[in-house]
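Colleague: I would like a close look at a single part of this structure, the sheet of the second chain and whatever packs on it. Please go through it slowly, in connected prose.

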Amino acid sequence: MNNILIQVVGVVILLILGFGFGRLAEKRHFKRIIKREAASQHLPVVATRYPPVDQPYSQILVTGNVVIASDYFKGFLAGLINIFGGRVTPFESMLERARRESVLRMKDEAMKLNAAYVFNIKFDTTRIATGRLAAMEVLAYGTALVPIQQGIKDTQQPVLVNATV
Amino acid sequence: MLVSNLELLPDRRVEKHLGLVQGSSVRSKHVGRDIAASFKNFFGGELKGYTELLSDSRDEATERMVEQAKALGADAVLNIRYSTSSIAAGAAEIFVYGTAVVLTDE
């Protein structure tokens, strides 16, 4: 009887901690995301496969990835929702964070190269499982198009040297 | 080596297709990292250790693909795709593939 009580108390404490810290972390993260999105708005990210032909560009693959874990409360709530079905909102917000963060990281990389566009963006999402751990990895990648300065061949651009794998 | 996930290049033409090239990498983190990550899992948030791990792993896979392309005499790999799958607890496979090509200036 005592054992069960201790277990219940443990779960409740974890739920409260998960709820508190998880919410706080998520709120802060969303604030940061919104700020950075505003700062990187000048760089368009396009899902089109065909690059523009208005001027010569050099192309560099840019990527951004992030692994985000759910918290104890989210996991518990998702379990409850699972019984009745419907939108699993705690995980929706987690994945939204991960996606927006990965795009921002990709854009950061592109901005360092002075890119004009990021073309053909693709996403890759995977569940990373370690025992009881539930985390998602989101990778965003695309091709950064960097305008080539007149008279310089793109192979001579310093930018390409850094980005060559 | 030019690596891109576009199929066409604005100012260059594909002279020759050399076929599919690929690279893969399976990595896992040591137990200490896993334990740290499982603590983090109670409170949510980013697992930086795993972000780095997967990023390194992806670089390695890409490098392997590029080596294959070099061996074929290619000067670019076009239309690449990444694919990730978690195959066991704490281990993920990163797979990258694309088309090796020879380019000419237009």
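Modeller: What follows is a walk through the sheet of chain B, from its strand order to one residue in it, with a short look at chain A at the end.

The model is a predicted one, and for chain B the mean pLDDT is 86, with 84% of the residues scoring at least 70. That confidence varies from element to element, since among those of chain B the lowest mean pLDDT, 66, belongs to helix H1 (residues 31–43), whereas the highest, 92, belongs to helix H2 (residues 48–71). Where pLDDT is low, the predicted coordinates should not be read in detail.

The sheet itself is open and is built from four strands of chain B in the order S1-S4-S5-S2, with mixed pairing. Strand S1 (2–3) and strand S2 (12–28) of chain B are the edge strands, and because each has a single partner strand, one side of each is left without a neighbour in the sheet. The partnership of S2(B) with strand S5 (residues 91–105) of chain B is antiparallel and comprises 15 bridges; within this region, B:Gly19 lies opposite B:Ala100 of S5(B). Helix H2(B) packs on the sheet, where it touches S1, S2, S4 and S5 of chain B, and its direction makes about 140 degrees with that of S2(B).

A residue worth following in the sheet is B:Ile87, which belongs to strand S4 (residues 76–88) of chain B. With a relative accessible area of 55%, B:Ile87 counts as exposed, because the cut-off for that class is over 50%. Apart from neighbours within four places in sequence, B:Ile87 makes contact with B:Val26, B:Ala92 and B:Glu93. Of these, B:Val26 is 61 residues away along the chain, yet the C-alpha atoms of B:Ile87 and B:Val26 are separated by 8.8 Å.

For chain A, the helices can be described in a similar way. The axes of helix H1 (residues 2–39) and helix H2 of chain A come within 6 Å and cross at roughly 110 degrees, and the two helices are therefore roughly perpendicular to each other. Their contact involves, among others, A:Leu14 and A:Phe19 of H1(A) and A:Phe73 and A:Phe76 of H2(A), and by class it has seven nonpolar, one polar and two charged residues. Helix H2 (residues 72–84) of chain A also meets helix H3 (residues 89–112) of chain A, their axes coming within 8 Å and crossing at roughly 130 degrees, so that H2(A) and H3(A) are oblique to each other.

Notes
Residues are numbered from 1 along each chain as its sequence is written. Chains are lettered from A and ligands numbered from 1 in the order in which they are written. This is a predicted model: local features need pLDDT of at least 70, side-chain atom pairs count only at pLDDT 80 or more; totals for chains, interfaces and linings use all residues. Side-chain values use heavy atoms; hydrogens and water are left out. pLDDT is the predictor's confidence in each residue, from 0 to 100. Axes are lines fitted to C-alpha atoms, for helices over the stretch in contact, and angles run from 0 to 180 degrees between N-to-C directions. Angles under 35 degrees count as roughly parallel, over 145 as roughly antiparallel, 65 to 115 as roughly perpendicular and the rest as oblique. Contact means heavy atoms within 4.5 Å. Ala, Val, Leu, Ile, Met, Phe, Trp, Tyr, Cys and Pro count as nonpolar, Asp, Glu, Lys and Arg as charged, and the others, Gly among them, as polar. Buried means under 20% relative accessible area, exposed over 50%, partly exposed in between (1.4 Å probe, protein chains only). Two strands pair if DSSP finds at least two bridges between them.
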